[in-house]
Every structure is written in C-alpha cells, then in structure tokens.
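Q: Please take a close look at the salt bridges in this model. Explain them in plain terms, and then place them within the whole.

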Amino acid sequence: MLKYLREDIKTLKSYEVNQEEFRVKLDANEGIEWMDGKNRYPDDSCTILKERLANKLGKKTSELLIGNGSSELIELVMKAYLEYGEIVVSISPTFSMYKLYTIINKGVYEEYPLKDMQKLDVEGFMEFVKLKKPKIIILSNPNNPTGSIISRENILRIVEDCDCMVILDEAYIEFADVEIQDYTREYKNLVVLRTFSKAYALAGIRLGYMIGNEEIIEYINRVRSPYNINTITQNLGLEALDNEVEIMKNISLIKIERERVFKKLKDLGFKPFPSQANFIFFKGKETLSYDLARKKILIRAFSGELKGYYRISIGRPEENDLALKAIEEALNETGHN
Ligand code: PMP
C-alpha cells in the first residue's frame, strides 16, 4: 500500500536503535543506575510484549505495532498517510478525537451520520466515500458513544471497495458478542487497533496495539517516536497477558451489569440504546448531568447536536447502583423535563 503513503515518508528511514549486546553501555547518554535498571531506555521494539501478543493473536511480531495507548496509533496512521488537506471520513456520532487528530495533522474531517444514532447505511456510506475521496476511513467498532456495531460483512465491503486506508478501531471489541477476528492478512489497506485501556482496565499505563500487514506496519513504524512505550508499561502489559482469566471474568461481569443498567434506565423511562461496549448511550433531560454532578456522580454529557444525550460507563455493581439511584432521585426531584 505504498500508493497511499505520504510522499515524504516513502523514502524516510526509521530511527535506528542500537540493540547490540554489551559489557559497558555508554552510547546513549543514560545516567548511572540508582533505581532498578530504570536508567536504561526501554526496549524500543517491545520484543517480549510483541512476542506474547503475536502468540496470543496468531500473528508474526512484524504484523504488530505497539502504541502509547491506541490514541498514539491513530495519530501515527495519519502522520504516515495524510497529506495536507486530504480527507478523513468517519461516522457520526463517534469518538471525538478522530476529528481533532485529523485537524492536528492538517487533514479535513468529514462525517457520515448513522441512522437513528445506530445503524450504518452502508450503501449511503459508500456513496459518501465516492464523493469525498478520503485517504483514510476510521471506524470505531463497537462505536463510542452509541455502543452500536457494524457487521463484519459491511466492514469487509468498505475495506474491499474503498480506495484508501481503513482504520478499524476495536477499543471495545472484547465487550461485543462477536467473534474477534482481523482481516489484515487479506486486506493490505486495513489496520486494526486494540487497547489495554478498556477490557484490560489499564488506561493508566497507556498501552495499545495495531495489527496490520507487515509492509504497512513497517511504513507506520517510520513515524513512531523511539522508545514510545516505557519499561514499566511493557512489564505491566505482560503481567496483564498473564492474567487473562481475571480479565475474562471482568468482561463477563460488565456484560451482565450492562443488561441490568440498560433495563433499569428503560424502567425509569429513558430510551437507552443497545450496547456492545462497556457503556450505554441514552437520551435524558438536559440538566441530568448537572443534577448528578451535584451528587458527585459523573456521567458523560454531550453538547451541540447531541445535547441531552448521555453516556454512562458500566462500573462495579455497587458503583452502578449508586449512579442509578442518583438518576432516579434526579428524576423524582425534577421529572424527565
Ligand atoms: N478509540 C476509542 C473509540 C475510544 O473510545 C478511546 C478512548 N476513549 C480510544 C480509542 C483511546 O484509547 P487509548 O486509551 O487506548 O488511547
């Protein structure tokens, strides 16, 4: 997929890190050790973490790129592929950082509205893409904030028929009732992003990864800052991969709680949208988040065209109980309007 790559990246070589064995290492201006080997720069290629992930995913390490959160990886694709003024297409509503990253990287952001905030009309989307001629399409699947999912069939249709790079952001995929599978070997213009921030509940360590065709991964690696993943994060990522059982338990709990919160919101007279992620999107009265904030309960409120829409994350059962109780109280105090 050299054809989509930014002209000036086509000849760029990535920063070379010396990984030779040593007796004495005085080549990187590091300080003298006083805290457990942390005077050394981290492993730039995240060798062990990549091997473990590759193993888990049935991939080669050359098909993976590790990011400081998946956020960094979104931006790296833009850095590698987007020329000044080129178009990035997404759906709306979706993760607001897509637009910000596009603008920061001197692109133009165009969005195609979901039908009833849920469904992607794929025919209409393809028409939109034909018209806008994007360099990059980015899709959050499941979608933040709606919780909706695009079918595998529609995703593959988009990847196959659109003449551009496609970023499939699967930040919430572990919460979805779908088979987790990527098609990056079949489609060179597809990159899939995952993160340790949601299902692995490690947003604090900033760790994400990209799956892509080896050639694409090599191009995107050219625009990555050296040592982007610190040593502590690499180690904690490995620890998380050793505790998959614990993580699966949490995912199951969240799915159960998601149904419970959904039902309660419905019983309270809201219109929650079905969700395949660890949050629920719903419509409420415009003052709801203020009423809750006064009770020190935080949910995400949207503005602009989404004024009156809310997104509540699914937490521990007792946190969900407190939030639902506060929502019910807010309704009893002031009603739905
Ligand atoms: N993609 C989506 C759809 C998200 O909702 C988020 C976080 N809110 C991210 C990416 C970024 O996650 P990370 O912590 O991996 O940077």
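**Charged pairs and their surroundings**

A: Lys10 has a relative accessibility of 27% and therefore counts as partly exposed (buried is under 20% relative accessible area, exposed is over 50%, and partly exposed lies in between, with a 1.4 Å probe and protein chains only). The model is predicted, so local features need pLDDT of at least 70 and side-chain atom pairs count only at pLDDT 80 or more, while totals for chains, interfaces and linings use all residues. Residues are numbered from 1 along each chain as its sequence is written, and side-chain values use heavy atoms, with hydrogens and water left out.

The side chain of Lys10 meets that of Glu7 in a salt bridge, with N and O 2.8 Å apart. Such a bridge is a side-chain nitrogen of Lys or Arg within 4 Å of a carboxyl oxygen of Asp or Glu. Glu7 has 51% relative accessibility, so Glu7 counts as exposed. By this rule the count comes to 35 salt bridges.

Another pair is Arg152 and Glu179, whose side chains form a salt bridge with N to O at 3.1 Å. Arg152 belongs to helix 5 and Glu179 to the loop between strand 5 and strand 6, so this pair ties together parts 27 residues apart in sequence. Helices (H or I, at least four residues) and strands (E, at least two) are DSSP runs, numbered from the N terminus. With a relative accessible area of 39%, Arg152 is partly exposed; Glu179, at 55%, is exposed.

A further pair is Lys264 and Glu328, where the closest N and O atoms are 3.4 Å apart. Lys264 sits in helix 8 (residues 244-267) and Glu328 in helix 10 (residues 317-334), so this bridge ties together parts that are 64 residues apart in sequence. Both ends are partly exposed: Lys264 has a relative accessibility of 28%, and Glu328 has a relative accessible area of 30%. Salt bridges also link Asp177, Lys255, Arg258 and Glu259 in a network.

Next, consider the surroundings of Arg152. Helix 5 covers residues 152-161, and its residues Asn154, Ile155, Leu156, Ile158 and Val159 are buried. An α-helix has 3.6 residues a turn, so residues three or four places apart point the same way. The buried residues of helix 5 pack against helix 4 (122-132), strand 4 (136-140), strand 5 (165-169) and strand 6 (190-195).

Ile158 is also one of the residues with the most contacts inside the largest nonpolar core, which has 71 residues. Phe125, Ile137, Leu265, Leu288 and Ile312 are named with Ile158 in this respect. A nonpolar core is a set of buried Ala, Val, Leu, Ile, Met, Phe, Trp, Tyr and Cys residues joined through side-chain atoms within 4.5 Å. This core draws at least three residues from each of domain 1 (7-242) and domain 2 (245-334), the bounds coming from an automatic or database domain assignment.

Leaving aside neighbours within four places in sequence, Ile137 is in contact (heavy atoms within 4.5 Å) with residues including Val89, Phe125, Ile158, Met165 and Ile167. Apart from the core described above lies another, of 28 residues, among them Tyr109, Met165, Leu193 and Met210.

The loops hold some less common backbone geometry. Most residues other than glycine have a negative phi, and most peptide bonds are trans. The peptide bond from Asn144 to Pro145 is cis, with omega near 15 degrees, and Pro145 is placed in the loop between strand 4 and helix 5. The bond from Ser92 to Pro93 is cis as well, with omega near 0 degrees; Pro93 is in the loop between strand 2 (87-92) and helix 3 (97-104). Met117, although not a glycine, has a positive phi of about 60 degrees. Met117 is found in the loop between strand 3 (108-113) and helix 4 and is buried, with a relative accessible area of 17%.

Finally, the whole. The protein has ten helices and eleven strands, and 52% of its 337 residues count as buried. Among contacts between residues at least 6 apart in sequence, 68% join residues at least 24 apart. The C-alpha atoms fill a box of roughly 70 × 55 × 35 Å along the principal axes.
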